[in-house]
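Reader: Could you take me through one part of this model in some detail? I'd enjoy a close look at a single helix and what lies around it.

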Amino acid sequence: MERIKTYIERLDEQLEGGIPKDTVSLICGTPGCMKSSLAYSILYKNAVANNLKGVYITLEQEIESLKRQMGTLGMAEENENLVIVDNDMIDRELGVDMRFELNSIKKAQYFLEDYLKREDFDLLVIDPINALYSLTAIKNPRRAIYNFFAELRKMSVTSLVVSEMHLGDNKYGKYGVEDFLADAIIHLDFRKEKDMLERYLGIVKMRYTNHDLQYYPLLYNKDGFVIYTKAEIEL
Ligand SMILES: Nc1ncnc2c1ncn2[C@@H]1O[C@H](COP(=O)(O)OP(=O)(O)OP(=O)(O)O)[C@@H](O)[C@H]1O
Ligand SMILES: [Mg+2]
């Protein structure tokens with residue numbers, strides 16, 4: 001099975017090499033747990049080190065703000081393999097009829113079908129999927145999300161779908177179905193240790209992959225994200 005490296009230090013070896021190609025993964029967590037940074041870093045590192053093409057769809061953070069945040073993390077280099085798209089660009093690409101008639105999930109789907117055909121993208125981030133729910137009430141979320149994820153898989157792209165969780169929430173997605181429908185769940189979490197918040201990363205599920213269920217401490221250093229395994233901590 002072909003896999004996409006996360007370039008998170010030590011994680012790929014825990015995942016038999018990375019995330020299975022052409023699958024849909026949720027990257028979920030509460031505000032500020034670095035969902036966007038983690039998703040971006042996977043695209044960025046694959047663009048720079050692996051010559052893979054990625055498109056990052058930012059639906060709630062302006063492109064400039066996203067770039068500034070990634071710049072502070074040392075991911076400032078412009079790379080032609082990495083494209084950032086926002087809502088306005090999606091609206092501009094779709095005809096007026098579609099813009100007003102489609103719900104946000106369908107809009108994203110039509111945009112991607114067209115856009116991904118034009119260039120052969122390997123990786124896609126949608127940040128966050130919650131923004132696709134915001135404008136229209138979805139009558140049958142399970143079916144709508146199932147269809148959307150199925151379409152993403154058909155587009156031969158490895159998708160990282162950011163999902164926002166609320167504090168104290170035990171659902172990985174708004175409708176409580178995203179987690180069943182996605183192929184993988186990468187959960188970012190905060191824990192309070194004495195007076196300090198610490199970041200953790202857990203792989204709740206990843207289809208086709210033999211992984212363990214540790215929550216790994218997650219840090220960002222000048223070279224990128226790094227996790228610590230139990231073995232490391234015991235040393
Ligand atoms: N060098 C750094 N090392 C560790 N954490 C950092 C660093 N720089 C910024 N941060 C943290 O990252 C947070 C923002 O990360 P990011 O935007 O990726 O989170 P997010 O989960 O996408 O947030 P949101 O829920 O607002 O979309 C900042 O609030 C800050 O706490
Ligand atoms: Mg974010």
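Author: Gladly! Helices (H or I, at least four residues) and strands (E, at least two) are DSSP runs, numbered from the N terminus. Just after α2, N51 takes a positive phi of about 55°. This is a predicted model, where local features need pLDDT of at least 70, side-chain atom pairs count only at pLDDT 80 or more, and totals for chains, interfaces and linings use all residues. Residues are numbered from 1 along each chain as its sequence is written, while chains are lettered from A and ligands numbered from 1 in the order in which they are written.

Now the helix itself. The expected span of a helix is 1.5 Å times one less than its number of residues, so the 16 residues of α2 (residues 35–50) should span 22 Å, and the end C-alpha atoms are indeed 22 Å apart. A residue is buried if 20 or more other C-beta atoms, placed from the backbone, lie within 10 Å of its own, exposed if 12 or fewer, and partly exposed in between. By that rule 13 of the 16 residues of α2 are buried, so the helix is largely enclosed by the rest of the structure.

Helix α2 also takes part in the shell around ligand 1, meaning residues whose C-beta atom, placed from the backbone, lies within 6 Å of the molecule. Among them are G32, K35, S36, Q69 and Y220. Both α2 and α3 (63–72) supply at least two residues of this shell, and the largest share, three residues, comes from α2.
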